Amino acid sequence: MNKIKVLVTGGCGFIGSHVIHKLLDYDSYKKIVNLDLLTYSGHPENCGDITDKRYKFVYGSINNKGLLTKIIEEEDIDVIFHLAAESHVDRSIDSIEPFISTNIDGTRCILEVIVEMNNNHKNIKLIHISTDEVYGSLNKDDKPFNENSQISPRNPYAATKAASDHLVLSFVNTFNIDAVITRCSNNYGPRQFPEKLIPLMIMKMMNDENLPIYGDGKQIRDWIHVEDHVDGIIAVGEALDKGIVSPGEVINFGGDNEKTNLEIVDKILQLFGNTESKIEHIKDRLGHDRRYAIDSNKAKNILRWYPKIKWEDGLRNTLKWYIDNTDWAKSITSGEYRNWINKHYN
Ligand code: NAD
Ligand code: DAU
């Protein structure tokens with residue numbers, strides 16, 4: 001397909017903002033529309049530096065089918081990269097309602113609009129961004145999850161992501177839509193909201209505060225730099241377009257980089273050179289998954305995709321980004337950017 005017109009949902013969030021910046025590097029994308037509700041984790045500044053005329057921001061919700069239809073019709077959208085979500089496990093334990101609303105019902109709205117548009121002679125492609133958490137938890141010696149692993153979510157966030165994956169697959173089967181699902185492990189990098197492990201620990205070290213580790217800190221995650229994940233997401237979009245992957249396929253992405261939470265925090269302490277902040281073991285997260293690990297051989301074989309950014313380089317650059325962008329961190333955690341939304345949109 002020449003000159004693709006894209007809708008990115010959640011483009012002011014962590015991963016979505018990297019998707020948009022990366023898409024703009026390619027001439028083949030003629031238009032990139034970002035639909036984002038600017039919730040607590042979506043900051044307008046995450047795409048605020050973009051001056052490229054191909055980019056357009058629309059403030060609004062994926063749960064608004066009228067708005068989705070209008071964007072797709074007016075902008076003649078070909079492909080949707082769907083990243084809008086409630087993304088934090090701890091918040092889903094406190095209150096699941098927004099997770100059901102955004103992750104399940106919001107995805108339902110996107111799927112229904114695609115069917116309506118396709119009945120109107122469009123052929124919209126959907127890249128649905130999901131997570132390795134839908135597979136559940138591994139023991140120490142288990143093999144990493146692959147695309148055929150059983151879906152077995154164990155926390156409310158993961159359950160809503162799994163439900164949205166099932167909805168997508170059911171629409172592929174029932175309504176013949178062109179959709180694929182990607183499932184990635186833990187991302188790190190610039191512009192991640194400082195509630196997630198790595199940016200939270202960096203912010204705490206910057207303030208010489210203690211570092212809260214849930215339980216024994218020996219839980220394992222597979223860490224991947226956000227730019228490697230984004231390369232994979234874009235490669236999946238191209239592969240769907242070329243027929244290299246088929247509707248209904250799932251593709252996993254991981255960093256081949258399993259670390260315990262204690263290893264992560266020790267490494268950041270070392271890179272930071274901080275001697276004031278101390279690790280503090282606190283009450284464990286309810287239902288805390290012990291280990292995630294991802295087998296990305298399918299992506300490597302089919303897409304010729306590989307994670308390129310070395311862990312230590314990626315972590316060092318991430319640390320530097322947070323140190324250089326203290327105003328961003330202050331603004332996003334205080335929510336003061338909401339004044340900007342009120343001024344522009346309310
Ligand atoms: P994030 O919380 O940083 O960003 C989510 C974005 O979605 C925000 O900009 C928010 O304003 C927007 N949003 C929320 N509700 C919306 C709605 N109703 N309508 C429009 N926009 C809305 O999340 P993230 O870490 O960038 O995650 C993006 C996607 O990637 C999610 O689907 C998540 O499940 C998935 N994922 C994340 C990771 C990770 O490590 N962060 C790993 C694998 C998969
Ligand atoms: O695996 C992919 C998932 O990774 C994504 O789908 C989610 O959107 C993303 O939030 C992330 O989920 P996790 O729960 O793994 O990420 P989080 O950064 O919240 O936690 C990482 C690990 O660190 C986890 O074992 C919990 C632990 N932790 C986290 C925080 C915030 C702590 O020990 N202390 C903390 O303060």
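**Close-up views of a predicted model: helix 11 and a three-stranded sheet**

**View 1. Surroundings of helix 11 in the predicted model.** Helix 6 (197–206) and helix 10 are among the elements that cover the buried residues of helix 11. Helix 11 itself spans residues 326–334, and its buried residues include Trp-328 and Ile-332.

**View 2. The buried and exposed faces of helix 11.** Trp-328, Ala-329, Ser-331 and Ile-332 are buried in this helix. Viewed down the axis of helix 11, these buried residues fall within an arc of 170 degrees and therefore line one face of the helix. The exposed residues Asp-327 and Lys-330 are carried on the face turned away from the buried side. Gly-335 follows helix 11 and has a positive phi, near 75 degrees.

**View 3. The open sheet formed by strands 7, 9 and 11.** The three strands are arranged in the order 7-9-11, with mixed pairing. Strand 7 (186–188) and strand 11 (258–260) are the edge strands, each pairing on one side only. From one strand to the next, the twist averages 50 degrees. Three bridges join strand 7 to strand 9 (residues 220–225) in the parallel sense. Asn-186 has Trp-223 of strand 9 as its bridge partner.

**View 4. Helices 8 and 10 against the sheet.** Helix 8 (residues 261–272) packs on the sheet, where it touches strand 9 and strand 11. The direction of helix 8 makes about 85 degrees with that of strand 11. Helix 10 (residues 311–324) lies across strand 7, strand 9 and strand 11, and runs at about 55 degrees to strand 7. Helix 10 is also one of the elements covering the buried residues of helix 11.

Note on methods
Residues are numbered from 1 along each chain as its sequence is written. Chains are lettered from A and ligands numbered from 1 in the order in which they are written. This is a predicted model: local features need pLDDT of at least 70, side-chain atom pairs count only at pLDDT 80 or more; totals for chains, interfaces and linings use all residues. Side-chain values use heavy atoms; hydrogens and water are left out. Two strands pair if DSSP finds at least two bridges between them. Helices (H or I, at least four residues) and strands (E, at least two) are DSSP runs, numbered from the N terminus. Axes are lines fitted to C-alpha atoms, for helices over the stretch in contact, and angles run from 0 to 180 degrees between N-to-C directions. Contact means heavy atoms within 4.5 Å. Buried means under 20% relative accessible area, exposed over 50%, partly exposed in between (1.4 Å probe, protein chains only). The arc is that of the directions from the helix axis to the C-beta atoms.
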